[in-house]
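Visitor: I'm new to this one. Could you walk me through it and tell me how each label is earned?

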Amino acid sequence: MVHDQGESMKVSVVVPLVGSAGRSAVERLQRCVESLLRQSMPPQDYEFLVVAPAGMNAPPAHLPRLSGDGSRVRIHQVSDASDAGALRNAGLALAGGEYVLFVDPGTELGREALARMHALAVRNGSDVVLGKASGPLPGYDGLFRRTLERCDVEDAPLFDALDAGHLFRRSFLMDAEIRFVEGHPLADQLVMAQAYLTAKTVTVLSDYPCYVRAPGDGEPAGSDAWAERPLAYVTGLRDLLDTLVAGTEPGDLRDRLLGWVLRTEILDRLSEPGLLSLPEPRREEFFHAVRALAADHIPARLHPGLSPTHRLRAALLERGRLDALVEFARRCRGIKSQARLAGLRWEDGRLCADVRLEIVHTDGSPVVVVERDGRFHLDPALVAELPGGPVDEGDVWEVGDPLAGTAAEAMVRDRDADVWWPVPARLLASVEPVDGTPVDAAPIDAARERRLRVVLAGTLAFDPRTLACGAPVGRGVYDVSVSMTALGFTRRPRLGGDRTPTTQASPAIVGGRAVFVQPYWSRPGGHLSLDVEERFRTLGRELATRGVGSARGRDGRVRLLLPVVAGPDAAVRDVEVMLGRGPAASRVPARIEPGVDGVLLSFGDGIGLPNGHYPLTLHIDPSDQRPAVPIATATVRSGRIARVRGTPYAQTPRRGIARLRGSWMPRQTLQ
């Protein structure tokens, strides 16, 4: 059956329904369908195809309720189809859209996902469009740092995204005869490899989360096969390597792709924690099978380009030393990255964080390189006395340049949306002696050695106006993490530090929308987070903690001077203040306005209160029902605010504010 809407249909969304159609599966599918029915794309421009095997233990005859009026959701049962690949192939044949999007039942789509991906595809003539994902598998990597209108496998790390849940030009898949191999353990990886090697134009959409994935979704089909069926996985990996060789000419591109397979699909599997989690029989099966595969398909010339730890694993694999690989994985299991904040400040509307990163052992001691006779060797705690004898002459492992491959990526995670956004970083890698002596203090000779730590230090710049891949971030809390790679280890810790005056930053108002941003230390753990537009922390509470001052303008109006930083393009913000407490309180319009002397809070007229002294509270969002904290005392005379006394509570602990709220303000007096 072929859809009769022909070329008028822009996108066909294909969802394979695999396994049981029980209550849980139907509920997940229901949420997926509902996300499709909420799309901003006009209804007549897309369709939704649920494809299920005819032999399901609970045939989907009861599923038409998912389709509403039945105009956009079509349900098909397919004979002789038992896995997702076969069902996707059937959906591709049934699809009537110019583009086809493959979606797993546990995935929901962002409201603008189809419209945005299709618009980019049409504008760029794309064969494939990759969309950013949120959820437990955020899809954050170097590929999604920014939107790429036009790229290909030569100039972008497309192999970082090998799951098949992307938008394809249907004619591209049909003409290139790209299909899913039924029952193949690496079906997704094979399809994506063929697509990337064949496509003329690939587009990467990074500034909008297209997919909201449930736990377990978003990984390429067969991603767990190496642990569950090691021999089948290695057989599938051989097919992937054959595909890469068949689709490339000898040269740099082929070597880069083969090196990617060696690192991610072989050596990473032989490291912690994966290798240690395998039962011993499967561990041996995988090791011997993948060793034979590497010997036959991976040229040895790729080894020198690996990181020190990956070169070590490759050497142990080549020599058949499984026991040494297991022991090395145990020693590396506790290694972590330490990200410490040294300073925090606002500059030109950006929050600048001075950071220092290094790789450390479980006990906090640095992972070192040992300089001996002008050569660098990996930390003896990791390589000394491995099973089976010395790894290298003298039981050391030469590192080469200890700074090669050292890198860091900073990111923030939107807690509400579970979306990751990249943060610009200017970090410099260096080596420092562990004992604190200068690096160039004395020449190294054969009788002397020096222990060095690898350090990355520099500045991260958080710009709320462009943080979402060029777009402003919305209301929410954003947790800061920094991923560091050094000596072949990659770890992603939260950014922490000691609470000192240099690591505290005032709230700020930034951008033409006058957005409020409050840096703070989240608990537990003491990690840096950013609260945008009072998601959890009210500005009034922050001001009460820091204290505000009073000021009088040239027009004679009384204003409050706020401890808030203003960005260079910060606009005026209309807010509301409340004078007094309870039902008798008066709501007064106010403005927060950046000025030469700082950020000022000015008040309107027409205050319907008798003369007296009243507590003043600030409301950025009048609909917010959280208790407001007084930030000043206002004196009302003749229907106007005649005087405001700010709060000098810069040293008041936050836990004391609640106690002070009921006692520190003078009682209202009539005059």
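**Rings, helices and burial**

Guide: Happy to. Going by ring centres within 6.5 Å, the count comes to 5 aromatic pairs. Keep in mind that this is a predicted model.

Visitor: What makes the pair of F102 and F180 edge-to-face?

Guide: Look at the two values. The ring centres of F102 and F180 are 5.4 Å apart and the planes stand at 90 degrees. A pair needs centres within 6.5 Å, and planes over 60 degrees apart count as edge-to-face, so F102 and F180 fit that label.

Visitor: Why say that this pair ties together parts of the chain?

Guide: Check where each ring comes from. F102 is in strand β4, residues 99-102, while F180 is in the loop between α4 (170-175) and α5 (187-198). Those parts are 78 residues apart in sequence, so the pair ties them together.

Visitor: Are F102 and F180 buried or exposed?

Guide: Buried means under 20% relative accessible area. F102 has 2%, so F102 counts as buried. F180 has 7%, so F180 is buried too. Ring pairs also link F102 and F180 with F168 into a cluster.

Visitor: What makes the pair of F159 and Y196 tilted?

Guide: The centres of F159 and Y196 are 5.7 Å apart, with 55 degrees between the planes. Stacked needs under 30 degrees and edge-to-face needs over 60, and the rest count as tilted. That leaves tilted for F159 and Y196.

Visitor: Which parts does that pair tie together?

Guide: F159 sits in the loop between β7 (148-151) and β8 (167-169), and Y196 sits in helix α5. The two parts are 37 residues apart in sequence, so here again the pair ties them together. With the cut-off for buried at under 20%, F159 at 6% counts as buried, and so does Y196 at 1%.

Visitor: How do you know that the span of α5 agrees with what a helix should have?

Guide: Work it out from the residues. The expected span is 1.5 Å times one less than the number of residues. For the 12 residues of α5 that comes to 16 Å, and the end C-alpha atoms are 17 Å apart, which agrees.

Visitor: Why is α5 called largely enclosed?

Guide: Because 9 of its 12 residues are buried. Among them are D188, L190, M192 and Y196. The cover over the buried residues of α5 includes α2 (84-94), β6 (128-134), β9 (202-213) and α7 (230-246).

Visitor: What sits over the ring of W420?

Guide: The charged end of R492 does, 5.0 Å from the ring centre. The cut-off for that distance is within 6 Å.

Visitor: How many disulfides are there?

Guide: The count comes to 0 disulfides, with sulfur atoms needing to be within 2.5 Å to qualify. As for single cysteines, C32 counts as buried at 0% relative accessibility, and C332 counts as buried at 0% as well.

Visitor: Where is A294, and what is A294 in contact with?

Guide: A294 is found in helix α10, residues 280-297. Its relative accessibility is 11%, so A294 counts as buried. Leaving aside neighbours within four places in sequence, A294 is in contact with I266 and L317. From A294 to L317 is 23 residues in sequence and 8.8 Å in space, C-alpha to C-alpha.

Visitor: And how many helices and strands does the chain have?

Guide: The chain has 15 helices and 31 strands. Of its 671 residues, 54% count as buried.

Technical notes. Residues are numbered from 1 along each chain as its sequence is written. This is a predicted model: local features need pLDDT of at least 70, side-chain atom pairs count only at pLDDT 80 or more; totals for chains, interfaces and linings use all residues. Side-chain values use heavy atoms; hydrogens and water are left out. Rings of Phe, Tyr and Trp (its six-membered ring) pair if their centres lie within 6.5 Å; planes under 30 degrees apart count as stacked, over 60 as edge-to-face and the rest as tilted. Helices (H or I, at least four residues) and strands (E, at least two) are DSSP runs, numbered from the N terminus. Buried means under 20% relative accessible area, exposed over 50%, partly exposed in between (1.4 Å probe, protein chains only). A charge sits over a ring if NZ of Lys or CZ of Arg is within 6 Å of the ring centre and within 35 degrees of the ring normal. Contact means heavy atoms within 4.5 Å.
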